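Here are some short exercises to help you find your way around a new structure. Have a go at each task before you read the solution under it.

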Amino acid sequence: MLKFWKKKPADAEPSQPTAPAPESVPTTGFAHDTDATSLDHASTTLDEALAETPPAPDAPVEDEASELAAVVEAAVPAKRGWRERLSGSSFARGLTSLFVRHPKLDDDLLDELETTLITGDVGVEASTALVEDLRKRMHKREFADAGALLAALRQSLIAMLRPVEKPLDVGGLKPHVILTVGINGVGKTTTIGKLARRYRDEGRQVMLAAGDTFRAAAVEQLKTWGARNNVPVISQGQDADSASVIFDALQAARSRNVDVLIADTAGRLHTQGGLMDELGKIARVLKKIDADAPHEVLMVIDGTTGQNAVSQVRQFRQIVGVSGLVVTKLDGTAKGGVVFALAREFGLPIRYVGLGETATDLRVFDAEAYVDGLLPASLSQG
Ligand SMILES: Nc1nc2c(ncn2[C@@H]2O[C@H](COP(=O)(O)OP(=O)(O)O)[C@@H](O)[C@H]2O)c(=O)[nH]1
Ligand SMILES: [Mg+2]
């Protein structure tokens, strides 16, 4: 059932999560927050947080209308907008210019296609396999012209991504625990903010856990997203034990009947080994409360990273058993081909993609919309 919550006017929402100005942080806030391991503390924090988010049955009509619009947007896979966000990437521009420069079907076209795919981060193996298949089919005269080859390329690219088009289902289990992992700066906290907004708009009770305790700014950033979306954030002071924060949050989420708990984690500690130990510990303590938790280990990848993304996934997978991926920053200059490389290498579900910095810029991954966003417009419009 849908619930309408009091919501700040949309224009109060900055395009980027900004930490509060230093002078607006109460000096006593951290002293209070630091005393942290007890459950009482967690529920106190939660009571305070929930007190700020009562259901508002008398919410103004325009609020209901915008909430509804957001629900509709979340429910119907919005294919609109993918091309707008993706077509500016060097990969998409490379593909378009290739077909403009080579209107004729020949081996040169295929050689250049291979180069474009490799340059676009699709990966050497995948690019070569894809082009060799198209070349064979061309020599068998399967394609009447370059347009037919483009159509076949589209089908092949979609076929590469179909197996990883598996949306995350957060219904059923309650609370559904999502542990977010990935290296620093990839967009974990931003993605959590976007997810909080999405799930809340679907009428779910959402809670966030500020498990990136390595930097004070990370906690503030998550709190900002929480406040903006009227979603409670469980946190302790800076340098608190991340596993303890997330453990408390799961206790609180259970007692409050929360639907989805999303935990943030650090992307960097003093040592790489330290980070991996911490993630392992988080997973272990969660299991003390719920043997199946975390239900999703969502690894966030920066789409501009290139082939390095593949080794990042390999590393995190060994430690915490990644169950789904989010690829961010695919808007703008990202090459975008890394999505294909990841799909081929791991076959891990790609749950969402980030197509911008604001709360509604996270899309459920859609293989067809993604490929059509990268390829020349003439095809998918036809
Ligand atoms: N353009 C764009 N920027 C993004 C996207 N996702 C995150 N960012 C930006 O990436 C930067 C790092 O994000 P943050 O969430 O702090 O990363 P974290 O260190 O992994 O938590 C911020 O400036 C975000 O606004 C996206 O999908 N598109
Ligand atoms: Mg962060």
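pLDDT is the predictor's confidence in each residue, on a scale from 0 to 100. You'll want that here, since this is a predicted model.

**Exercise 1. Which stretches have a pLDDT that stays under 50?**

Start with the whole protein: the average pLDDT is 82, and 77% of the residues score at least 70. Now look for the weak spots. Over residues 1-62 the pLDDT stays under 50, and the model has 75 contacts beyond four places in sequence for them. Residues 71-77 also stay under 50, with 10 such contacts.

**Exercise 2. Take stock of the protein: how many helices and strands does it have, and what share of its residues is buried?**

Count the elements and you get 16 helices and eight strands. Next, burial: of the 382 residues, 43% are buried. Then check how far the contacts reach along the chain. Among contacts between residues at least 6 apart in sequence, 80% join residues at least 24 apart.

**Exercise 3. Work out the strand order of the sheet, and say which strands stand at its edges.**

Step one is the order. The eight strands make an open sheet that reads β3-β2-β4-β1-β5-β6-β7-β8, with mixed pairing. Step two is the edges: β3 and β8 (362-364) each have a single partner strand, so one side of each has no neighbour in the sheet.

Step three is to look at a few pairs. β2 and β4 run parallel and are joined by four bridges. β1 and β4 are also parallel, over four bridges. Further along, β6 (residues 324-328) pairs with β7 (residues 350-354) in the parallel sense over three bridges. Facing residues in that last pair include V327 opposite V353 and L325 opposite I350.

Finish with what surrounds the sheet. Five of the five residues of β7 are buried, so β7 is largely enclosed by the rest of the structure. Helix α13 (residues 308-320) lies across β1 (176-181) and β5 (296-302), at about 160° to β5.

**Exercise 4. Sort the residues of β4 by the way they point, then trace the contacts of L261 and I262.**

In a regular strand, side chains alternate between the two faces of the sheet. Strand β4 (residues 260-263) has V260 and I262 pointing one way and L261 and A263 pointing the other, and all are buried.

Take L261. On one side, V177 is its bridge partner; M207 also stands opposite L261. Beyond four places in sequence, the contacts of L261 are P175, V177, M207, A209, A249, L250 and A253.

Now I262. Within 10 Å there are 30 C-beta neighbours, and 20 are enough to count as buried, so I262 is buried. Among its contacts beyond four places in sequence are I178, T180, I192, L195, A196 and L208. L250 sits 12 residues from I262 in sequence, with 9.5 Å between their C-alpha atoms.

**Exercise 5. Which residues of the largest nonpolar core touch the most other members, and which helix gives the most to this core?**

Nonpolar side chains tend to be buried together in soluble globular proteins. The largest nonpolar core here has 95 residues, and M207, L208, I246, A249, L261 and M299 touch the most other members. Helix α11 (residues 242-255) gives the most to this core, with eight residues.

**Exercise 6. Check the span of helix α10, find what its buried residues pack against, and decide whether R228 is buried, partly exposed or exposed.**

First, the span. At 1.5 Å a residue, the 13 residues of α10 should cover 18 Å, and the end C-alpha atoms are 19 Å apart, which agrees.

Second, the packing. The buried residues of α10 are A218, V219, Q221, L222, K223, W225 and G226. They pack against α9 (188-201), β2 (206-209) and β3 (233-234).

Third, R228, which belongs to α10 (residues 216-228). It has 18 C-beta neighbours inside 10 Å, so R228 counts as partly exposed. R197 is 31 residues away along the chain, yet the two C-alpha atoms are separated by 8.9 Å. Just after α10, N230 has a positive phi of about 55°.

Terms used. Residues are numbered from 1 along each chain as its sequence is written. Chains are lettered from A and ligands numbered from 1 in the order in which they are written. Helices (H or I, at least four residues) and strands (E, at least two) are DSSP runs, numbered from the N terminus. A residue is buried if 20 or more other C-beta atoms lie within 10 Å of its own, exposed if 12 or fewer, and partly exposed in between; C-beta atoms are placed from the backbone. The expected span of a helix is 1.5 Å times one less than its number of residues. Two residues are in contact if their C-beta atoms, placed from the backbone, lie within 7 Å. A nonpolar core is a set of buried Ala, Val, Leu, Ile, Met, Phe, Trp, Tyr and Cys residues joined through C-beta atoms within 7 Å. Two strands pair if DSSP finds at least two bridges between them. Axes are lines fitted to C-alpha atoms, for helices over the stretch in contact, and angles run from 0 to 180 degrees between N-to-C directions.
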